[in-house]
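Here are my notes for your read-through, set out as numbered points. Please keep the sequence and the coordinates open beside them.

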Amino acid sequence: MKSSSLRALIVVFFNFIVLAVLATADLDDSGATSIVFATLGRSSYSFDIYSLPISGPANELKLTDGESVNFNGHFPSFSSFSRINPLLAKHALPSTEPLLHLLYVTERNGSSYIYLDSVFYSTGPRSILEVPTESNGNYERVKELKRVQTRLVGSNRRVSMKDRPSLVGESLIYVSTHEDPGVPRASWAAVYSTELLTGITRRLTPKRLADFSPAVSPSGIWTAVASYGEKGWAGDVEELGTDIYVFLTQDGSNRVKVIEHGGWPSWSDDSTLYFHRRCEDEWWSVFRATLPIQNGQLGVGPVAIQRVTPPGLHAFTPAASISNKSFIAVATRRPGSDYRHIELFDVVSNEFTQLTRPISPKVHHLNPFISPDASRVGYHRCSGASNDEEGNNLLLENLQNPLLPGVSLFRVDGSFPSFSPDGERIAYVKFPGVYVMNHDGSGVRSVITRTAFSTAWDWKRKGVVYTSVGPTFASESTKVDIVSINVDEDVPSYKQLTTGGENNAFPSASPDGKWVAFRSGRSGHKNLYIMDALNGEAGGLYRLTEGPWSDTMCNWSPDGDWIAFASDRENPGSGSFELFKIHPNGTGLQKVIQSGSGGRANHPWFSPDGKYIVLTSDYAGVSAEPISNPHHYQPYGDIFVIKSDGSDIRRLTHNSYEDGTPAWSPKYMKAVDVEWSNGGSQCSFEDCHWLNINTTSTPVVEDHYSSAPKMQCAQ
């Protein structure tokens, strides 16, 4: 290289470093702090991947290591695996042939990764995995396994969600959210191909489009995805309004929409796809599509589509077999059961065979996949569901946060966290009550047992916490009141501050300790009010905002100059919320940020220096099909940070869950996980509420959720 070229390269690199430092310098100046947020149910998932044989005794085999959350597995073929053998050269491999290979997604060490495990029968000391086999009606541990584990993709320095991996020769095909499309309320989920021996990564999804649930055909030539295409996400929260596209796995070219309305594709051969959709009769069903593919070419002929699973139960997330085309594996929800199970469906005889319900009837089993030789079905479930297993139940889960140096990031097993003014304590809601703990997770105690939501500390009176007592997501006239709790008393007492009960909620105290801002529906609309902090409405009350809309989720800035809040005032009743801020005297109203058209930006919280706001938003759209996860009220919502003027938005969390209710502490919390001292509430999550079945009629449909239009599901 010429010296002039080398100097130019050095200058470019130096300028890049300077810009990166400048971009984060003001955050460093504010000192080390922490952000804590909530994710419904996530802290008790403890997912591990298991498998059952297709035939023979129902001996369930635990495949993953019980560390954190492991899910969405895939059995690669032995031929594909042999192409990447050099990756295992650093491991001391057993002399025996592996029992199986497993690709899967894992969330551990504060980030998302894709791992490859090779599982062997162990000939040495006792290992962490064992195969249960039946003897005289009892299950005994008789064969031990050893795992060789390789991390394929994922980084602590560049946080993103990973999903749905598969292996084609030397290439890993998967979903990642590491590229910002540059458009508000657009999904970052895209399909990528990484050559594992070289690390070269190619994006297969066109720029500014999003793809979900990729499936590679048996030959490896084609990849099918669920995608909105050019139309983009429209706010669906139950079934996504996606279509099925196929393209060449090699480079993403020859992209064609082959199926209108469908998701979760799975190939049985290079011209046959199974997929799911929800129909006009409200049942989720699996369909089969025959594509005009011959000799590796996609023709222009019609696509033949047939409903495969019958109405009367929900069947979804299909997994086809490439070596035995007479059956598929599906997840089901049946009438009379609150649990999701894995079943086989014989596509010739149209009969179901239940796999998981006979052995674990009250455990959710998710997202089946079939081994290449059609001998085993894999799935994931909570590993703490059995008495002889331990789950990973974290009170505080530390997440990687490379975008904000000096700020540690945590997920709390609760909701609506808030920090005491010195950052030493955290108040949070764990329905139905309010709890307080030290910032390191010790000293957890209940301070009120009534149904409550939202918490905030008084800035001046030590040990005083405000909360809203009453039902959530209720109308303007619902009885909800704000109380103050003295959490330092041996038996905490509380004082009601609002009267009338017209949905008074989301209190936030002023830094001088004199006032509390809150929202109230007393006028028939949810607007903002300010009352006396000590005596409530009786000590003084004035209205801050007024209009036929909802202003809510307010937060007072540390210098007392601003109150940030969420509002649908630009489209009342639409469900779309933007962030605004206003002076406490009612002047200076400013819009801070809007999440595209019809989006949501909620739960603002100022940084300790007042320069930034942390919030939850659908700014990054959805990242996966909602039905592939347990219940979330909405399948979007990541944590973002912006400057207090609305500029410089940064995405902190990447997943397919609903992250919300963030709070910002003035104190730095050590970046380590904190486990529940009592084991926590293992596996205490629910299946999607919109899969609930009314046994006297059709499935329950929750009309306040938007979803994709239903399709006729006749044969």
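1. Which residue in S26 does leucine 344 stand opposite? In this model, which is predicted, leucine 344 stands opposite threonine 353 in S26. The strands concerned are S25 (residues 341-346) and S26, which run antiparallel and are joined by four bridges.

2. That pairing belongs to an open sheet of four strands, ordered S23-S24-S25-S26 and antiparallel in its pairing. At its edges are strand S23 (314-320) and strand S26 (351-354), each of which pairs on one side only. On average, and with direction ignored, neighbouring strands of this sheet are turned by 35° against each other.

3. A second open sheet of four strands follows the order S35-S36-S37-S38, again with antiparallel pairing. Because S35 and strand S38 (493-496) stand at the edges with a single partner strand each, one side of each is left without a neighbour in the sheet. Here the average turn between neighbouring strands, direction ignored, is 30°.

4. Is strand S35 largely enclosed or left open by the rest of the structure? Six of the six residues of S35 (residues 452-457) are buried, so the strand is largely enclosed by the rest of the structure. A reader should therefore keep two statements apart: S35 has one side without a neighbour in the sheet, and yet its six residues are buried.

5. Within the second sheet, S35 and strand S36 (residues 464-469) pair in the antiparallel sense over five bridges, and phenylalanine 453 stands opposite serine 468 in S36. The hairpin formed by S35 and S36 has six residues between the strands, and in it glycine 463 takes a positive phi near 80°. On the next pairing, S36 and strand S37 (residues 481-486) are antiparallel over six bridges, with valine 465 opposite isoleucine 485 in S37.

6. The structure holds one disulfide, which joins cysteine 382 to cysteine 683 with an S to S distance of 2.0 Å. Cysteine 382 lies in strand S28 (residues 376-382) and cysteine 683 in the segment after strand S52 (674-675), so the pair ties together parts that are 301 residues apart in sequence. The torsion about the S-S bond is about -75°, and the disulfide is therefore left-handed. Both cysteine 382 and cysteine 683 are buried; cysteine 554, at a relative accessible area of 7%, is buried, and cysteine 688 counts as buried at 1% relative accessibility.

7. Turning to the aromatic side chains, the count comes to 23 aromatic pairs. One of them brings together tyrosine 45 and phenylalanine 685, whose ring centres are 5.0 Å apart and whose planes are at 70°, so the pair is edge-to-face. Since tyrosine 45 lies in the loop between strand S1 (33-39) and strand S2 (47-53), and phenylalanine 685 in the segment after S52, the pair ties together parts that are 640 residues apart in sequence. Tyrosine 45 counts as buried at 1% relative accessibility, as does phenylalanine 685 at 10%. Tyr45, Phe47, Tyr657 and Phe685 form one aromatic cluster.

8. Two contacts between an arginine and a ring also deserve a look. Arginine 164 lies over the face of tryptophan 264, at 3.9 Å from the ring centre. The charged end of arginine 334 sits over the ring of phenylalanine 352, 5.1 Å from its centre.

Conventions:
Residues numbered from 1 in each chain as written. Heavy atoms only, no water. Disulfide = S-S within 2.5 Å. Buried < 20%, exposed > 50% of the residue type's maximum accessible area, 1.4 Å probe, protein only. Pairing = 2+ DSSP bridges. Axes fitted to C-alpha atoms, helices over the stretch in contact; angles between N-to-C directions. Phe/Tyr/Trp six-rings, centres within 6.5 Å; stacked < 30°, edge-to-face > 60°. Lys NZ or Arg CZ within 6 Å of the ring centre and 35° of its normal.
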